[in-house]
Amino acid sequence: MPSDEVLVSCADAALTFGRGAQAVVAVHGADLEIRAGDRLAVVGPSGSGKSSLLHLLAGLEQPTSGTVTRALGPYDIGLVFQGDSLIPALDVAENTALPLVLTDRPEGEARLCALAALALVDAADLADRLPEEISGGQAQRVAAARVLAQAPRLILADEPTGRLDHATGARVLDALLTAADHTGAALVVTTHDPAVAARLTVRRGMRDGRLLAPEEVP
Ligand code: ADP
Ligand code: MG
């Protein structure tokens with residue numbers, strides 16, 4: 001359920017890479033509010049600025065102009081990156097437990113939490129495998145489980161289904177929606193796939209670094 005609590009607010013937030021003739025405006029003055037319980041898809045073609053916008057929301061990039069305000073601590077934000085993000089030397093359960101171990105949860109408790117999260121995304125049988133022993137779709141489900149275990153208040157997922165076939169992508173999305181529902185988190189997913197966007201409650205288009213107005217259907 002969306003609520004009135006604003007977790008992140010962008011006001012005319014812009015992000016430019018480089019300077020002078022080489023400058024690339026990745027995000028033009030974007031206005032956006034993410035509230036508790038939101039389910040938002042940011043939809044646009046490759047190069048339209050989706051990752052840059054997500055990085056602004058996460059605080060991985062500072063706006064070149066305008067402001068991004070967060071009512072969240074760093075561990076209240078869970079990121080699912082585009083592409084591989086599992087640590088090769090850790091097995092799936094250890095990867096999933098990592099955010100908890102990093103925040104000083106006792107190891108046994110962190111492992112139990114990780115196993116429960118893996119079960120929720122239908123990946124319990126992968127617990128003892130290394131990342132190199134699982135498929136891309138499985139790895140994205142594990143990334144969803146890791147965010148579930150972390151139980152952040154905001155989940156930011158950057159093209160989590162980008163390199164997956166339709167059925168596998170749908171399962172990854174199921175996992176992220178489960179994670180968000182289970183923890184009560186807001187969920188923002190970037191995608192170029194209208195079928196993925198359709199699974200979220202609200203859609204905002206992006207074109208050439210511009211976040212389209214809500215009524216401009218992507
Ligand atoms: P999307 O995620 O929609 O594919 P990006 O946010 O990755 O789009 O990129 C938006 C624009 O910003 C593109 O033109 C891209 O080349 C440029 N860009 C992204 N990251 C950087 C960077 N670190 N340095 C320079 N240009 C970048
Ligand atoms: Mg991207």
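These exercises work through a predicted model, each with a solution in steps.

**Exercise 1. The three-stranded sheet**

Task: Find the strand order of the open sheet of three strands, and say which strands are its edges.

Solution:
- Step 1. Start with the order. The open sheet runs β2-β1-β4, and its pairing is antiparallel.
- Step 2. Look for strands that pair on one side only. These edge strands are β2 (24-35) and β4 (65-70).
- Step 3. Compare directions. Neighbouring strands of this sheet are turned by 15° against each other on average, direction ignored.
- Step 4. Zoom in on one pair. Strand β1 (residues 6-17) is joined to β4 by five bridges, and the two run antiparallel. A14 faces S65 of β4.
- Step 5. Recall how such pairs are held. Backbone hydrogen bonds pair the strands of a sheet, either parallel or antiparallel.
- Step 6. Add the helix. α1 (residues 50-58) lies across β1, β2 and β4, and it runs at about 50° to β2.

**Exercise 2. Around ligand 1**

Task: List the residues around ligand 1. Then find backbone atoms that approach its oxygen atoms.

Solution:
- Step 1. Collect the surroundings. They are F17, V24, A26, P45, S46, G47, S48, G49, K50, S51 and S52.
- Step 2. Check G47. A polar backbone atom of G47 is 2.7 Å from an oxygen atom of ligand 1.
- Step 3. Check S48. Here the distance from a polar backbone atom to a ligand oxygen is 3.2 Å.
- Step 4. Check S51. A polar backbone atom of S51 is 2.9 Å from an oxygen atom of ligand 1.
- Step 5. Apply the cut-off. Pairs of N or O atoms within 3.5 Å are polar contacts, so the pair at G47 qualifies. The pairs at S48 and S51 qualify too.

**Exercise 3. A glutamate in a loop**

Task: Is E159 buried or exposed? Which residues does E159 contact, leaving aside neighbours within four places in sequence?

Solution:
- Step 1. Place the residue. E159 sits in the loop between β6 (154-158) and α5 (166-183).
- Step 2. Read the accessible area. E159 has a relative value of 11%.
- Step 3. Use the cut-off. Buried means under 20%, so E159 is buried.
- Step 4. List the contacts. Beyond its sequence neighbours, E159 is in contact with K50, Q82, Q140, T190, T191 and H192.

**Exercise 4. Helix α5 from end to end**

Task: Describe the length, the ends and the buried residues of α5.

Solution:
- Step 1. Take the length. α5 has 18 residues and reaches 26 Å from its first C-alpha to its last. That is close to the 26 Å expected at 1.5 Å a residue.
- Step 2. Inspect the N-terminal end. D165 caps it, with a side-chain oxygen 3.1 Å from the backbone nitrogen of A167.
- Step 3. Inspect what follows the helix. Just after α5, G184 has a positive phi of about 75°.
- Step 4. Find the buried residues. They include G169, V172, L173, L176, L177 and A180.
- Step 5. Recall the helix repeat. An α-helix has 3.6 residues a turn, so residues three or four places apart point the same way.
- Step 6. Name the packing partners. The buried residues of α5 pack against β3 (39-43), β5 (77-80), α4, β6, β7 (186-191) and α6 (194-197).

**Exercise 5. Two buried residues**

Task: How far apart are V92 and A157 in sequence and in space? What does each one touch?

Solution:
- Step 1. Locate both. V92 is in helix α2 (residues 92-102). A157 lies in strand β6.
- Step 2. Check burial. V92 is buried because its relative accessibility is 1%. A157 is buried because its value is 0%.
- Step 3. Give the separation. V92 and A157 are 65 residues apart in sequence and 19 Å apart, C-alpha to C-alpha.
- Step 4. List contacts of V92, not counting residues up to four places away. They are L118, L126, A127, R129, I134 and V142.
- Step 5. Do likewise for A157. Its contacts, not counting residues up to four places away, are L54, V80, L176, V188, V189 and T190.
- Step 6. Widen the view to α2. Its buried residues are covered by elements including α3 (107-120) and α4.
- Step 7. Finish with α4 (residues 136-150). In α4, 13 of its 15 residues are buried.

Notes:
Residues numbered from 1 in each chain as written. Chains lettered and ligands numbered in written order. Predicted model: local features only at pLDDT ≥ 70, side-chain atom pairs only at ≥ 80, totals over all residues. Heavy atoms only, no water. Helix = DSSP H or I, 4+ residues; strand = E, 2+ residues; numbered from the N terminus. Expected span 1.5 Å × (residues − 1). Buried < 20%, exposed > 50% of the residue type's maximum accessible area, 1.4 Å probe, protein only. Pairing = 2+ DSSP bridges. Axes fitted to C-alpha atoms, helices over the stretch in contact; angles between N-to-C directions. Contact = heavy atoms within 4.5 Å. Near = heavy atom within 4 Å. Polar contact = N/O pair within 3.5 Å; in protein donor to acceptor, adjacent residues only side chain to side chain.
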